[in-house]
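Student: I would like a close look at the cysteines in this model. Please keep to how each one is placed and paired.

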Amino acid sequence: MDKLVTSTVGKSTNILWHDCPIGQPERQKLLNQKGCVVWITGLSGSGKSTLACALSRELYSRGHLTYILDGDNLRHGLNGDLSFEAKDRAENIRRVGEVAKLFADAGLICIASLISPYRSDRSGCRNLLHNSSFIEVFLNVPLEVCEARDPKGLYKLARAGKIKGFTGIDDPYEPPSDCEIVIHCKAGDCATPKSMADKVVTYLEANGFLQE
Ligand SMILES: Nc1ncnc2c1ncn2[C@@H]1O[C@H](COP(=O)(O)OS(=O)(=O)O)[C@@H](OP(=O)(O)O)[C@H]1O
Ligand SMILES: Nc1ncnc2c1ncn2[C@@H]1O[C@H](COP(=O)(O)OP(=O)(O)O)[C@@H](O)[C@H]1O
């Protein structure tokens, strides 16, 4: 049955949502898992992409289907038109949140790894999903550890004033005040990516996401 739905973005009107007989429950049964979004937030260099890949590998080894939405990668395509101004970061997160919602509806375990510095943007994504299927993971890695890593040399450029508005240097990062998983890492005392991934898998298992 079609029902009139007003778009949350407010740009589309007179659109009707079309339901189909094969929906998320049927897809989850096929995949033997529950669609959800694992949202990894943290500073640049905190290990978001590394954790996303380690988590994806661990879940694959257990026969589960995931898909990674990485901020850096999406800025080569879908979000290539966006800057790092606050309003563009908000749009970046909004778009990724909507795509992640579609992947979760497809029955996948969607792993999003983006700095996503603003609490309001992250809670906007949380509100797109029914709450329990949005799992926020905060990679709590101090700026000095991220800066010491600096694999892309961006912190060095930011410190030299060659990059303006770099998160953590001259642009804000709002750590989560209440998220599902916090992974702490101190200078010289960081768990391995696999053990970090295992912590997330344990959460997914305990909350029923790894079975239909
Ligand atoms: N000004 C500025 N601030 C922060 N990050 C910057 C900036 N310019 C480029 N980069 C690189 O872009 C990556 C962050 O993209 P995201 O889409 O995750 O950022 S955001 O969520 O929109 O804030 C981020 O990648 P990661 O290091 O993987 O986090 C940076 O390498
Ligand atoms: N758990 C970890 N322990 C030690 N080094 C790590 C860990 N996770 C990531 N790294 C290293 O930190 C750097 C940044 O990791 P990356 O995943 O690119 O971070 P981000 O995606 O948050 O920018 C890389 O050189 C990576 O090898």
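To begin with, is Cys110 buried or exposed, and what is its relative accessible area?

Tutor: Cys110 is buried, at a relative accessible area of 0% (buried is under 20%, exposed over 50%, partly exposed in between, with a 1.4 Å probe and protein chains only). The model is predicted, so local features need pLDDT of at least 70 and side-chain atom pairs 80 or more, while totals for chains, interfaces and linings use all residues. Residues count from 1 along each chain as written, chains are lettered from A and ligands numbered from 1 in written order, and side-chain values use heavy atoms, without hydrogens or water.

Despite being buried, Cys110 has no sulfur partner: the closest cysteine sulfur, that of Cys36, lies 8.6 Å away, which is too far for a bond. The count of disulfides comes to one (two cysteine sulfur atoms within 2.5 Å). That disulfide is between Cys185 and Cys190, with an S to S distance of 1.4 Å. The angle about its S-S bond is -55 degrees, and the link of Cys185 and Cys190 is therefore left-handed. The two ends of the link can be taken in turn. Cys185 is buried, at 3% relative accessibility. Cys190 is partly exposed, its relative accessible area being 31%. Cys53, by contrast, takes part in no disulfide; Cys110 has the cysteine sulfur nearest to that of Cys53, and it is 13 Å away. Cys53 has a relative accessible area of 42%, so it is partly exposed.

Beyond the cysteines, the ring contacts may be of use. Four aromatic pairs turn up in a search of the whole structure (Phe, Tyr or Trp rings, the six-membered one for Trp, with centres within 6.5 Å; planes under 30 degrees apart are stacked, over 60 edge-to-face, the rest tilted). One of these pairs is Tyr155 with Phe166, which is edge-to-face: the centres are 5.0 Å apart and the planes stand at 75 degrees. Tyr155 belongs to helix α7, residues 154-159, whereas Phe166 sits in the loop between α7 and β7 (181-184), so the pair ties together parts eleven residues apart in sequence (helices, H or I of at least four residues, and strands, E of at least two, are DSSP runs numbered from the N terminus). Both rings are buried: Tyr155 has a relative accessible area of 1%, and Phe166 is at 10%.
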